[in-house]
Amino acid sequence: MNNNIPFTKSISLTDMGIENAKIHYQLSANELQEKTLELGQGVEVSTGALAVNTGEYTGRSPQDRYLVRDAITEDKVWWGKVNIPFEPSAFDALYKKVTSYLSYKEIYVRDSYVCADPNYRLNIRVVTETPWANLFCYNMFLRPETNELENFTADWTLLCVPSFMADPAIDGTRQSNFAILDFTKKIALIGGTGYTGEMKKGIFSALNFILPVDKNTLPMHCSANVGKDGDTAIFFGLSGTGKTTLSADPARKLIGDDEHGWTNENTVFNFEGGCYAKVINLSEENEPDIFRAIKKGAILENVIINKETNEVDFDDVSITQNTRVSYPIFHIDNIQPGSIGKNPKNIFFLTADSFGILPPIARLTPGQAAYHFISGYTAKVAGTEAGITEPQPNFSACFGAPFMPLHPTKYAEMLSKKMQDANVKVWLINTGWTGGAYGIGSRMKLKYTRAMITAALNGELDDVDYKNHKVFGIAIPQSCPNAPSEILNPRNTWEDQDLYDVKSEELGQKFRANFAKFEEFANEEIMAGAPLA
């Protein structure tokens, strides 16, 4: 759909309980940016991109994410700290309050969809309180053609109302902000927070339930790209591990940077229509595709701007380290037509190991791959979630536990079968620390990580010598084109190698302790992939 042509169809939201609102429907990206500037809710930076401040919340708030517990979800959702139950009656009452709150107000409505593969398409109607939140959804969701809007029917509805504050004593929430999914009513309800990532992750969470349960398709928190020979590569990893950066490869076409499905038809498709990238310490030299995508139509979040030049200081993290940019995927030149690829040939598990123990690249056996996928180890990066002020080790099952409604072993079983059926090579990539732990060592240089991934993709690591890690048992290549051999074995980068051995065993113990809750579901092959006792 053309970025700058407004659509004049009129709609009513009375069936949602929103009465007499001034509805701006399907505004173009330019109109939404102009409206944001007119309302004083953002500024235009030197590149033409829009910069906004999301307010109190500059990251997700996992403790305030809920799923309505009803006949659909009762016996399928893995209830607990990640998937917190919410009563249907409480949801109905809160939804009524939110829609009443939006009545008689100026609001923004957008019809869009997710899942690039037409066989899995899910239509989404977005209702937002602010124009820039609507622009975010224009960027991040897929954009229907004009003729598709005439008879558009929403499968799901997303409401985002940052200024509406819940009353925990009455509404059943933990505090004033909330993000709730109702799978019966097919509604994602968000309030009390302006962080746009809650909208994106709300729909992702819905798909993580719908696709495995209804479509027998694996949803993945990953980025993906395609080589010139049609070989697909998948990059799993949590925020800050490099999914967006490493998949934006000038030599390969980007399928997407964060959320995908792997079908029984042996295809990989993007859920989204855009990218949501971290911009901390962003430079054109290191991340040219992302840097150049920050132009008119892109939205920068919580960045610091030079008032005289309107230029962004990407190194300034005085608001948050979780500075972000959202842009439509067509801001990247090198994209895969249709956002669909074939079966992957290589899978990369990305981690930012704050202990400096794991090697920068290692090859995994099928059992190790399943073990590390279920473990989902990385380091939480400061500012990515509310309450996280410094990096800390973190295990997130399937590299996306906060968005996974089903038990992690459900996703792991699906992935394991697909990996073996497709004969995929699986690699562990540490984009974190080398030469010591966080605060002592230094972060792995991006150019070296890129070189190692390129070598793996090109088959240049197939015939080199390997040495198994003493604790983790993973196979470390002893040489790699365009990467210094001395950085490949992490023990050699530590000044005190005896201390490395001690810390390596400690990290292995953390892995085993975390995995204890999954052991009853794991077969012998998976358990053989565990760190040595």
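His-221 is buried, with a relative accessible area of 3%. This is a predicted model, and His-221 is a good place to start reading it. UniProt, in an unreviewed entry, places a "binding site" feature at Lys-201, His-221 and Asp-258. These residues span 58 residues in sequence, yet no two of their C-alpha atoms are more than 10.3 Å apart, so they gather at one spot. The points below cover that spot, a second annotated set, and then helix α9 with its partners.

**His-221**

- His-221 sits in strand β11, which covers residues 218-226.
- The side chain of His-221 makes a polar contact with the side chain of Asp-258, at 3.1 Å.
- Leaving aside neighbours within four places in sequence, His-221 is in contact with both Lys-201 and Asp-258.
- With those neighbours again left aside, the contacts of His-221 also include Phe-204, Phe-235, Phe-236, Phe-399 and Phe-403.
- Gly-237, Leu-238, Lys-243 and Gly-400 are also among the residues that His-221 contacts beyond four places in sequence.

**Lys-201**

- Lys-201 lies in helix α6, residues 197-215.
- Lys-201 has a relative accessible area of 10%; the cut-off for buried is under 20%, so Lys-201 is buried.
- From the set Lys-201, His-221 and Asp-258, the lining of the largest cavity takes in Lys-201.
- Beyond its neighbours within four places in sequence, Lys-201 is in contact with Arg-60, His-221, Asp-258, Glu-259 and Phe-403.

**A second annotated set**

- UniProt also lists Arg-60, Tyr-195, Lys-201 and Arg-324 for "binding site", again from an unreviewed entry.
- Of this set, Arg-60 and Lys-201 are taken in by the lining of the largest cavity.
- Arg-60 is placed in the loop between β3 (50-52) and β4 (65-68).
- Arg-60 counts as buried, at 11% relative accessibility.
- Tyr-195 is found in the loop between β10 (187-191) and α6.
- At 3% relative accessibility, Tyr-195 counts as buried too.
- Neighbours within four places in sequence aside, Tyr-195 is in contact with Arg-60 and Arg-324.
- With the same neighbours left aside, other contacts of Tyr-195 include Thr-54, Tyr-57, Thr-58 and Gly-59.
- Tyr-276, Glu-301 and Asn-322 are also among the contacts of Tyr-195 beyond four places in sequence.

**Helix α9**

- Helix α9 is mostly covered, with 9 of its 10 residues buried.
- Those buried residues are Gly-367, Gln-368, Ala-369, Ala-370, Tyr-371, His-372, Phe-373, Ile-374 and Ser-375.
- Gly-376 follows α9, and its phi is positive, near 60°.

**α9 against α13**

- Helix α9 (residues 366-375) packs with helix α13 (residues 497-515) at an angle of about 75°, and their axes are 10 Å apart.
- That makes α9 roughly perpendicular to α13.
- On the α9 side, the contact is made by Tyr-371, His-372, Ile-374 and Ser-375.
- On the α13 side, it is made by Phe-511, Arg-512, Asn-514 and Phe-515.

**Gln-368**

- Gln-368 lies in helix α9.
- Gln-368 is buried, with a relative accessible area of 7%.
- The side chain of Gln-368 reaches the backbone nitrogen of Thr-365 at 2.9 Å.
- The side chain of Gln-368 also reaches the backbone oxygen of Gly-473, at 3.0 Å.
- Apart from neighbours within four places in sequence, Gln-368 is in contact with Arg-363, Phe-472, Gly-473, Ile-474 and Gly-529.

**Gly-529**

- Gly-529 is found in the segment after α14 (524-527).
- Gly-529 counts as buried, at 2% relative accessibility.
- Not counting residues up to four places away in sequence, Gly-529 touches Gly-367, Gln-368 and Tyr-371.
- Gly-367, Gln-368 and Tyr-371 are themselves among the buried residues of α9.
- Gly-529 and Ser-176 are 353 residues apart along the chain, and their C-alpha atoms are separated by 43 Å.

Notes. Residues numbered from 1 in each chain as written. Predicted model: local features only at pLDDT ≥ 70, side-chain atom pairs only at ≥ 80, totals over all residues. Heavy atoms only, no water. UniProt positions renumbered as here; feature names shortened; annotations may be inferred. 1 Å grid on protein atoms, 1.4 Å probe; cavity = no way out; pocket = protein on both sides within 12 Å on 5 of 7 lines; lining within 4 Å. Helix = DSSP H or I, 4+ residues; strand = E, 2+ residues; numbered from the N terminus. Buried < 20%, exposed > 50% of the residue type's maximum accessible area, 1.4 Å probe, protein only. Contact = heavy atoms within 4.5 Å. Polar contact = N/O pair within 3.5 Å; in protein donor to acceptor, adjacent residues only side chain to side chain. Axes fitted to C-alpha atoms, helices over the stretch in contact; angles between N-to-C directions. Parallel < 35°, antiparallel > 145°, perpendicular 65-115°, else oblique.
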